[in-house]
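Here is my notebook page for today. I jotted down each thing I looked up, in the order I got to it.

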Amino acid sequence: MGMLSFLSGRSFPRGITPPGRKAQTRTEPIRRLSFAPRMVLPLTQHFGKPARPLVQRGQEVVRGEPIAEADGWHSVPLHAPVTGSVEGIELMPTARGPKTEAILLRTHPGDSQTVRWAQPQDLGALSRRQLLETIQAAGIVGQGGASFPSHLKFDVPEGRAVDTLVVNGCECEPYLSADHRTMIERTEDVLAGVRLGMQALGAPQAVIGVEDDKPDAIAALEGAIEPGEPIRVGILRAKYPQGSEKMLVRSLLGREVPSGGLPYEVGVVVNNVGTMAQLGYLLPRGEALIERIITVAGPGVERPGNYRVPVGTPLRYLLEEVGFEGDDPSRIILGGPMMGNTVAFLDVPVTKGVSGVLVMPEAAQAGEGREAQPKPCIRCGRCVEVCPVGLNPAELGRLAAKRQYEVMEERFHLNDCFECGCCSYVCPSDIPLVQYFRIAKALNRERAS
Amino acid sequence: MAPRIELKTSPHIKQADSVERIMRTVVLALLPVCAFSVYQFGLSALALMATTTLTCVLTEQLFNRLSGRPSTIGDFSAVITGLLLALTLPPAFPLWMAAVSAFVAIALGKALFGGLGYNPFNPALLGRAFAAAAFPEAASTWTQAGLPERFSELLPSTLAMPFMRPESVDAYTTATPLAEWKFEGGIATDTWALFTGMTPGSAGETSALLILVCGLFLIARNAMNWRVPVAVLGSAALTAGGFYLLDPGHFPSPLFVLFSGGLMLGAFFMASDMSSSPVTPAGIWIYGALIGFLAVIIRFFGGLPEGIMYAILLGNAAVPLIERIAQPRLYGLRRGRSG
């Protein structure tokens with residue numbers, strides 16, 4: 001492995017190579033999921049201020065119509081995923097537990113559910129600021145998982161020049177293949193989005209990073225790039241967490257995002273291929289983000305695949321549609337197995353940032369999701385050898401056990417940890433290192449405020 | 001009544017490796033070395049291993065009971081300490097002394113510090129150092145390898161009565177190649193014999209070849225950090241090579257230094273003890289280089305023929321200092337802003 005890796009794509013140092021487990025879905029074309037009879041649309045599906053409702057109970061809405069408006073620049077609007085009627089605005093549980101306000105829609109059963117709300121614009125004539133406003137109005141947030149509003153990502157502070165738009169097509173999380181299928185089936189949308197992103201940033205070039213285990217996606221992209229266009233595909237080694245912002249910038253451009261800083265400080269903005277496809281498809285049509293591509297996979301799914309899912313579809317409905325019968329939310333993961341979260345209830349909806357729904361094996365089948373009591377650290381150093389950021393998780397874990405959270409932050413760079421989970425993945429003592437670090441960070445934040 | 005909500009945290013998948021598997025692999029890798037030792041030195045070596053291993057396991061269990069902790073003997077680390085201790089002792093070492101040393105290894109070397117993972121020194125070497133201090137004569141009395149009656153009878157000193165000094169039986173005793181060089185000023189053993197191991201020495205340190213093979217197995221199974229033996233042996237060879245170039249008449253060749261005494265065993269199986277070595281790759285390079293250097297310096301200029309034991313213990317003691325200066329390089333750390 002070590003020798004051959006020199007022949008394949010470039011990479012960042014360290015990291016891990018968990019089994020990909022993508023065979024279940026990677027060759028499955030994207031299919032449409034049917035419309036659930038009832039949709040749940042939380043007003044906060046993004047990083048920032050909640051949207052403000054524009055509709056009232058009983059009101060009829062058509063598919064694509066705005067139902068909540070952005071509350072300022074650090075917010076995004078929300079659009080109706082179905083033609084139907086507003087059932088109410090209520091407090092509903094979210095994936096992580098706490099209830100938040102959500103608009104409930106009853107889907108009109110007989111409706112053809114075509115998009116009836118669109119305002120096409122001449123995008124070429126827009127100024128950069130106008131383009132950002134258009135992106136915001138379309139309700140677009142990052143599709144990779146963090147749900148950061150896309151217009152804010154492109155809104156680089158005055159006086160900062162971005163020379164490269166980096167596009168993340170790595171999809172380094174096991175099981176997930178939604179980005180892979182998007183690159184193959186929606187190549188033109190991805191590239192149209194990349195061009196719009198370059199326009200919004202004023203960036204002269206773009207690089208799309210794709211891991212070398214997706215040769216068909218690399219070929220599709222390379223075949224669709226116009227000759228002479230300043231867009232290229234950067235082939236990277238399949239390795240986790242290749243798709244994390246900091247690692248991607250380092251692997252593709254050899255630049256390091258400063259500790260505690262953002263990519264634009266080294267002239268880069270990073271976006272996911274899924275986000276680019278949304279941008280490239282929606283903006284020219286004047287439509288808004290009302291559905292997304294999701295990988296549904298895992299040992300507990302009868303019909304795994306990549307689905308085009310309306311935002312707001314309840315998880316329980318989605319799981320029934322793919323043939324999962326069960327009631328254990330702790331088996332269901334939103335996102336990938338390395339960084340995704342289990343859900344508190346099956347009644348929570350699919351939101352704009354959900355890239356995958358995985359059904360993991362029962363706890364009893366201890367192969368993959370091994371649940372074990374933590375044992376003392378034997379100082380094997382494996383966590384140090386895999387940490388992509390160059391932290392010392394062994395020392396951080398020791399300090400966490402002694403509750404020395406300040407030392408963790410001040411001397412051992414706790415805040416540089418982006419919780420990729422490599423250390424926990426390799427720990428032979430089953431120490432939940434990442435969980436310790438999350439708690440330590442939360443306690444430090446609490447203390448600081 | 002709210003239903004119980006269980007939120008598991010990421011990551012949701014794990015590599016299958018465990019502490020038990022690592023320790024079992026180390027035991028497995030030690031078995032051929034033990035078997036060769038029995039082949040060379042016979043029943044006495046076997047009895048020695050059985051005594052130290054049993055004592056280590058029982059001591060571990062005793063301290064688990066005393067401190068009210070669940071049993072940890074299933075992690076095999078006490079077995080490793082027992083086997084390693086036996087392999088560093090002379091084959092004819094009296095069993096009662098071996099039992100006392102094994103007790104000290106676990107009690108003072110490990111349990112006192114909080115058990116597996118907390119021991120700052122290699123417990124087996126702490127036991128060995130105790131043996132050298134408490135029983136200096138027995139701990140430096142060596143037996144010839146391959147005695148004809150080794151499979152039918154024990155060496156006379158093996159069954160010495162507790163608190164009695166064993167009689168010295170000159171018929172069996174001999175000098176190790178290192179002691180020969182040190183005290184008699186010559187090397188009578190050729191390098192190939194050293195490499196293959198048909199020479200006098202501690203129970204498990206004589207065959208460099210076998211230790212090398214078993215060590216490589218450990219590295220291949222990811223149960224040992226490969227940097228440790230590379231750094232220790234590399235540093236020892238460089239140090240010895242430097243002196244050899246200065247005065248080939250006085251100093252032995254680097255190959256003799258590498259394959260004689262406990263250097264190979266120490267580099268592969270002792271210095272690599274995870275608990276008592278640094279966790280960072282840079283730290284391991286410094287630690288290993290320090291051990292290799294010290295081992296040769298003690299051999300060449302100290303009062304003892306063998307220096308690896310004290311070199312490793314000194315290396316263990318230096319770990320906290322080494323880790324202060326050898327942290328990994330942080331991604332994106334601005335220059336001049338290091339913690």
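How many disulfides does a search of the whole structure find over all chains? I got zero, taking a disulfide as a pair of cysteine sulfur atoms within 2.5 Å.

Ground rules, before I go on. This is a predicted model, where local features need pLDDT of at least 70, side-chain atom pairs count only at pLDDT 80 or more, and totals for chains, interfaces and linings use all residues. Residues are numbered from 1 along each chain as its sequence is written, chains are lettered from A and ligands numbered from 1 in the order in which they are written, and side-chain values use heavy atoms, with hydrogens and water left out.

**Entry: two cysteines**

I checked Cys377(A) next. Its nearest cysteine sulfur belongs to Cys383(A), 6.4 Å away, and Cys377(A) is in no disulfide. Cys377(A) counts as partly exposed because its relative accessibility is 30%; buried means under 20% relative accessible area, exposed over 50%, and partly exposed in between (1.4 Å probe, protein chains only).

Then I turned to Cys56(B). The closest cysteine sulfur is in Cys34(B), 12 Å from that of Cys56(B), so the two are too far for a bond. Cys56(B) is buried, at a relative accessible area of 0%.

**Entry: chain B overall**

I counted 13 helices and two strands in chain B; these are DSSP runs, numbered from the N terminus, with helices (H or I) of at least four residues and strands (E) of at least two. Of the 339 residues in chain B, 55% are buried. I also noted that chain B exposes about 14500 Å², with carbon and sulfur atoms supplying 67% of it; the areas come from the Shrake-Rupley method with a 1.4 Å probe.

**Entry: one arginine**

I found Arg324(B) in helix H13 (residues 308-325) of chain B. Is Arg324(B) buried or exposed? Arg324(B) is exposed, with a relative accessible area of 61%. Its C-alpha atom is separated by 8.9 Å from that of Gly283(B), and the two residues are 41 apart along the chain.

**Entry: a helix pair in chain A**

I looked at helix H1 (residues 128-137) of chain A and helix H4 (residues 187-201) of chain A, whose axes come within 8 Å and cross at roughly 130 degrees. That makes H1(A) oblique to H4(A), since angles under 35 degrees count as roughly parallel, over 145 as roughly antiparallel, 65 to 115 as roughly perpendicular and the rest as oblique. Axes are lines fitted to C-alpha atoms, for helices over the stretch in contact, and angles run from 0 to 180 degrees between N-to-C directions.
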